[in-house]
Amino acid sequence: MQSSHDRQRRANFAYAAVAGFTLLLAFLLRYPSLYEPRWYTDEGIFAAVAQNIRHGSTLYSQAWDNKPPLIFFTYAAIQSAFGNSILALHLVTMAVAMATQVTVIAIAWRLYGARGGAVAGVVFAFALSTPVIEGNLAMTETFMILPTSLAVLVFVLAQQRDEARRIVPYLLVGVLLGIAAGYKQVAIFDGAAIGLMIWCTHARQYRALAALAGGFVIPQIVFVALFLADGAFSSYWYAVVGSLGLYSDLGPDEGPFIRFAGLLPALLATAWLVRRRQRGAPITMQHLPVLWLGFAIAGATSSSFPFPHYLQQAVPALALCVAAAPIWADEDDAGKLALGVGALLVVAVVFGQFAFAFEDRRQLDPIDYYRTFASHRYGTMSDLDYEYYFDGNVITVRDVV
């Protein structure tokens, strides 16, 4: 007769096999992206700016776009190492996405065991490797979520140490979040979730928060020094800070209530933790994904533009929340109610901002996307028809690049 230890070991092995399979699943789901034309305008702009940088132009003063610098440096590095093809770009993007998936699986395994790791891997693979939220593109969010996920992993692992010995890990967490903000500014929302978790669980919050903030500032100092040396600081500052208001004004006018609605899941998750603390109930790292998801949704909806790739920011936290099934883990009825209302708000906010994009962009339909790829790759669809499947921007973006 098998002992309970042997049964658990066999179960863990099975879950590890499932988690490993999710990486293969992610590869297969992303495989068509290796043969896409360069159709998305942002990919063309990033590639064009990166080429200018490689040819000696100074970022922001001579080659400008209103995005933080790391996306352009990443594109330039890919071009220098592998060339300027969409195949090279999407291969590296696939590697980054799968590295993020491994990180999320590791977090889930640590918090919820082997089963949680397998569940998180499945959710992540389907959410980010299909075209539904444009996860198969090389966008700022696609690169941003790797350092944010690594920051959460380091934060979770740091809890094994005594509180006094967590300062260096927290400094590293801050650095990783600062790097993430170098891809897109909304990484500060992920940092806010970690900061609030520190506030709820630490006796000496200010010291830990100072380490987190200090680490976050380090990459920003590097960016400032770089662009001061290049004589492009004012252009850099306008791109990453000054232009945000103007860019936001270009989006749909949603009104103050809709803008505030994106913050409600984060506020409900915060209230849930505060209530647990008031009741004397324990707050552990297992509660972090709910808070993280709330703040990630706030970041994803902080702009009024209905671009589905904004939702990539929330994928790691979503995968962890599904693995945790937190609504059943709270013994307090008020806590369950808050989590249930929060989940409904997440669905409502996402639907309200992004539903029309899902209707208008046929390439977001995964069934149609994979069927069209098969018809082009293995059937009779011509290259021209395949290019026009991607909303007709292919020729324009090719000219930009």
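Good morning. Tyr75, Ile78 and Phe82 in helix α3 meet Ala88, Leu89 and Val92 in helix α4. I begin with this contact, and I should say at once that the structure before you is a predicted model. By class, the contact of α3 with α4 has six nonpolar residues, with no polar and no charged ones.

Let us place these two helices. Helix α3 covers residues 70-82, and helix α4 covers residues 86-129. They pack at an angle of about 120°, and their axes are 10 Å apart. That angle makes α3 oblique to α4. The crossing of the two helices is right-handed.

Helix α4 has a further partner to consider. How do α4 and helix α14 pack? Helix α14 runs over residues 315-324, and α4 and α14 pack at an angle of about 125°, with their axes 7 Å apart. Here too the angle has a name, for it makes α4 oblique to α14. The crossing of α4 and α14 is right-handed.

Which residues meet in this contact? On the side of α4, they include Val104, Ile107, Ala108, Tyr112, Gly116 and Val119, and further along Phe124 and Leu128. On the side of α14, they include Val315, Pro316, Leu320 and Val322. By class, this contact of α4 with α14 has 17 nonpolar residues, one polar residue and no charged residues.

I turn now to the loop between α13, residues 288-300, and α14. Gln312 has its place in this loop. Is Gln312 buried or exposed? Its relative accessibility is 0%, and Gln312 therefore counts as buried. A polar atom of its side chain lies 3.3 Å from the backbone oxygen of Ile133. Apart from residues up to four places away in sequence, Gln312 touches Leu128, Ile133, Glu134, Gly135, Glu141, Thr142 and Ile145.

His309 also has its place in the loop between α13 and α14. With a relative accessible area of 3%, His309 is buried. Leaving aside its neighbours within four places in sequence, His309 is in contact with Tyr40, Ile133, Glu134, Met139 and Glu141. Please note Glu134, which His309 contacts and which Gln312 touches.

Glu134 itself is found in the loop between α4 and α5, the latter being residues 140-158. What is the phi of Glu134? Phi is near 60°, a positive value in a residue other than glycine. To see why I mention this, recall that most residues other than glycine have a negative phi. Glu134 is also buried, with a relative accessible area of 1%.

Tyr60 offers a second example of a positive phi. Its phi is about 80°, although Tyr60 is not a glycine. Tyr60 lies in the loop between α2, residues 41-54, and α3. At 2% relative accessibility, Tyr60 counts as buried.

That brings us to helix α2, in which Arg54 lies. Is Arg54 buried, partly exposed or exposed? Its relative accessibility is 38%, and because the range from 20% to 50% is the middle class, Arg54 counts as partly exposed. Leaving aside neighbours within four places in sequence, Arg54 is in contact with Ala76, Gln79 and Ser80. With Gln79 there is a polar contact between the two side chains, at 3.1 Å. Arg54 and Ser80 are 26 residues apart along the chain, and their C-alpha atoms are separated by 7.9 Å.

Ala47 lies in helix α2 as well. At 0% relative accessibility, Ala47 counts as buried. With neighbours within four places in sequence left aside, Ala47 is in contact with Arg38, Tyr75, Gln79, Asn84 and Val401. Two of these names have come up before: Tyr75 in α3 is one of the residues that meet α4, and Gln79 makes the polar contact with Arg54. As for separation, the C-alpha atoms of Ala47 and Ile367, which are 320 residues apart along the chain, are 29 Å from each other.

My last residue is Gly352, found in helix α15, residues 333-360. Gly352 is exposed, with a relative accessible area of 53%. Its C-alpha atom is separated by 9.2 Å from that of Pro306, and the two residues are 46 places apart along the chain.

To close, let me return to helix α4. It is oblique to α3, and it is oblique to α14. Thank you for your attention.

Technical notes. Residues are numbered from 1 along each chain as its sequence is written. This is a predicted model: local features need pLDDT of at least 70, side-chain atom pairs count only at pLDDT 80 or more; totals for chains, interfaces and linings use all residues. Side-chain values use heavy atoms; hydrogens and water are left out. Axes are lines fitted to C-alpha atoms, for helices over the stretch in contact, and angles run from 0 to 180 degrees between N-to-C directions. Helices (H or I, at least four residues) and strands (E, at least two) are DSSP runs, numbered from the N terminus. Angles under 35 degrees count as roughly parallel, over 145 as roughly antiparallel, 65 to 115 as roughly perpendicular and the rest as oblique. A crossing is left-handed if the near helix is turned anticlockwise from the far one by less than a right angle, and right-handed if clockwise. Contact means heavy atoms within 4.5 Å. Ala, Val, Leu, Ile, Met, Phe, Trp, Tyr, Cys and Pro count as nonpolar, Asp, Glu, Lys and Arg as charged, and the others, Gly among them, as polar. Buried means under 20% relative accessible area, exposed over 50%, partly exposed in between (1.4 Å probe, protein chains only). A polar contact is a pair of N or O atoms within 3.5 Å; within protein, one must be able to donate a hydrogen and the other to accept it, and residues adjacent in sequence count only if both atoms are side-chain atoms.
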